[in-house]
Amino acid sequence: MSSLNNNEKQIEKALLISVDTGDFDAETSMYELGELTKTAGAVVAGVIIQRKATVDGATYLGRGRLDEAAQFCENNDIDLVIADCELSPVQVRNIEDATDTRVVDRTTLILDIFAGRAKSKEGKLQVELAQLKYSLPRLTGKGTALSRLGGGIGTRGPGETKLETDKRHIRRRIQNIKRELDDVEKRRDMQHKRRKKNGAVSVAIVGYTNAGKSTLMNYLTNAGVLEEDKLFATLDPTARKLTLPDGQQIMLIDTVGFISRLPHQLVDAFRSTLEEATYADLILNVCDASDEDCHEHIRTTYEILESLFEDGRVNVPVINVFNKIDKAEGYEDRILFYGADSPCVCISALNGTGVDRLLEKIRECLPQTRKRAQLLIPFDMGSVAGAIRKDGVVHSEEFTENGIKLDATVEISFLEKIKDYII
C-alpha cells in the first residue's frame, strides 16, 4: 500500500493556461496540450483560458487571471503550470513568482517528451541540440526554474545540468553536436544515392502524431515499431521492405509524427530525419479519421512538408490515408472534403480493413518500373526464366516445344535486356 502511495506522489499535477488572441483555435490547442501533458506523465488538474487581444508581455495572463491561477495552484497543490505558447524568460519568472509553482511552456513540454522518447544516437543528439538551442537565451533570469533539480517535466535531458553549464560550454556542445549530425547526414545522403543507383523505390509514412502510422507500419511489414496511444510514441525513422501485390519490392519508411505549432527548433533539429519524405517516391499522409480535426491535421502535415522542400512545394505524389475508420462515424463526409485533388484511401490499420486497396493505390501512384509481358524463353536460357521467377511475378507458365512460355510482370529495365523473348 505504501509503495502505491509513493507512486501516486510521483505523478505531477498540472495547471494549463492559455491566452486566446484569435490567432488559432484555443480550445483545440488546449485539448492537444492536455494530451501532451498526459504523454509527459502528468495529470491535468485544471485549465484557464483568457480571451484577450494580446498576451501580457510581463506575465502572459492578465493580472486578474494570474491571481486566479495562483489561487488555484495553492488550493490544489499544483506542481506545474504549463503555458500553451512559448514564454519569454521574464514571463516564466513572473508567473513563477506569482504562483510559487514551476512553469514550462509548450515548446519545453514537447522537447521534454522528445527527450524521453528518442532511442537512437541520432535522435538523442537531435533532441539535445533542440533543447540546448532553446535554453541558451533563457539561461539568464530564469529564476527558480533552474534551481528545481528534483526531476519532473522540463528537467530531462541536458536540462538537468544547466546550473553547471555556462553559455560558452553550451555553445561548444552545440557545435560538437552539429558536427556529429553533419557526419550522420553525409552517411544518410550516401545511403539515398546508393538506393537510387540500385533502383530502390521508397514510400514515406508521414502524418499527425498518434494517427496510427506505427500500427500501419507493423501491419504491413511486421516491423516491431512501438505502438502506443500517446503522442510521439516513436521518434526514430524505421525502414522495412514491403512487397506489393504485383511483386514489386519497395522500402517503407516511418517518420516522426507532426503536431500543430511544432517548435521550429524541432523542425530544424529533426530536418535530416524529416527529409526522408523529400527523398521518397511517394508519401502516405496518415490521419485519424475519427478525429473531427483530421482536415486540420492534414493541413498541418502539408505545411511542415512544404517547409522541407527547397521550392516550398511538395513535388512528390501524396496519398491521404484516413485511418481508424473502425471507430470513426461519418468519416465518408470528411473524405469528400478533398474531392479529386489527392488520392484518398480509408483504412483501419488495426484490423486491416482497406489495406488491400491502399496497396493497390500505392502501386498505381508509384513511378512505373514494372511491366506485364508475354515471353517465350528458350530452354537453353533457363537462367532468364529463373531470374523472372525470383524477382518478378509469374501469372502463368507453360512448357511448349519451343521453350518456356511465361505471362509475367518484371522490371522494365530487365525487360529491355530480354526484349528478344517478348512475344
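**View 1. Strand 9 (residues 318–323) and strand 10 run parallel, joined by three bridges.** Strands are DSSP runs of E, at least two residues long; helices are runs of H or I, at least four long; both are numbered from the N terminus. Two strands count as paired if DSSP finds at least two bridges between them. Look for Phe322: it stands opposite Cys346, a residue of strand 10. Strands of a sheet pair through backbone hydrogen bonds, either parallel or antiparallel. This is a predicted model, where local features need pLDDT of at least 70 and side-chain atom pairs pLDDT 80 or more, while totals for chains, interfaces and linings use all residues. Residues are numbered from 1 along each chain as its sequence is written, and side-chain values use heavy atoms, leaving out hydrogens and water.

**View 2. Six strands make an open sheet with mixed pairing.** Read across, their order is 6-7-5-8-9-10. Which strands stand at the edges? They are strand 6 (238–243) and strand 10 (344–346). Each has a single partner strand, so one side of each lacks a neighbour in the sheet. From one strand to the next, the twist averages 25° (axes are lines fitted to C-alpha atoms, for helices over the stretch in contact; angles run from 0 to 180 degrees between N-to-C directions).

**View 3. Helix 12 (residues 294–308) packs on the six-stranded sheet.** The helix touches strand 5 (202–207), strand 8 (282–288) and strand 9. A contact here means heavy atoms within 4.5 Å. The directions of helix 12 and strand 8 make an angle of about 145°. Helix 14 (residues 355–365) packs on the sheet as well. Its partners are strand 5, strand 6, strand 7 (249–254), strand 8, strand 9 and strand 10. Against strand 9, the direction of helix 14 makes about 170°.

**View 4. Three strands form an open, antiparallel sheet in the order 11-13-12.** Strand 11 and strand 12 are the edge strands, each pairing on one side only. Neighbouring strands are turned against each other by 15° on average, with direction ignored. Helix 15 (residues 382–391) packs on this sheet and touches strand 11, strand 12 and strand 13. The angle between helix 15 and strand 13 is about 40°.

**View 5. Strand 13 (residues 403–411) is largely enclosed by the rest of the structure.** Why? Seven of its nine residues are buried, with buried meaning under 20% relative accessible area, exposed over 50% and partly exposed in between (1.4 Å probe, protein chains only). Eight bridges pair strand 13 with strand 11 (residues 370–377) in the antiparallel sense. Among these pairs, Arg372 has Thr409 as its bridge partner, and Leu375 has Leu406. Strand 12 (residues 393–400) also runs antiparallel to strand 13, over seven bridges. There, Phe399 has Ile404 as its partner. Strand 12 and strand 13 form a hairpin, with two residues between them. In a regular strand, side chains alternate between the two faces of the sheet.

**View 6. Gln71 sits in helix 3 (residues 63–76).** Is Gln71 buried or partly exposed? Its relative accessibility is 42%, so it counts as partly exposed. Thr99 lies 28 residues away in sequence. In space, the C-alpha atoms of Gln71 and Thr99 are 7.6 Å apart.

**View 7. The whole protein chain holds 16 helices and 13 strands.** The chain has 423 residues, and 50% of them count as buried.
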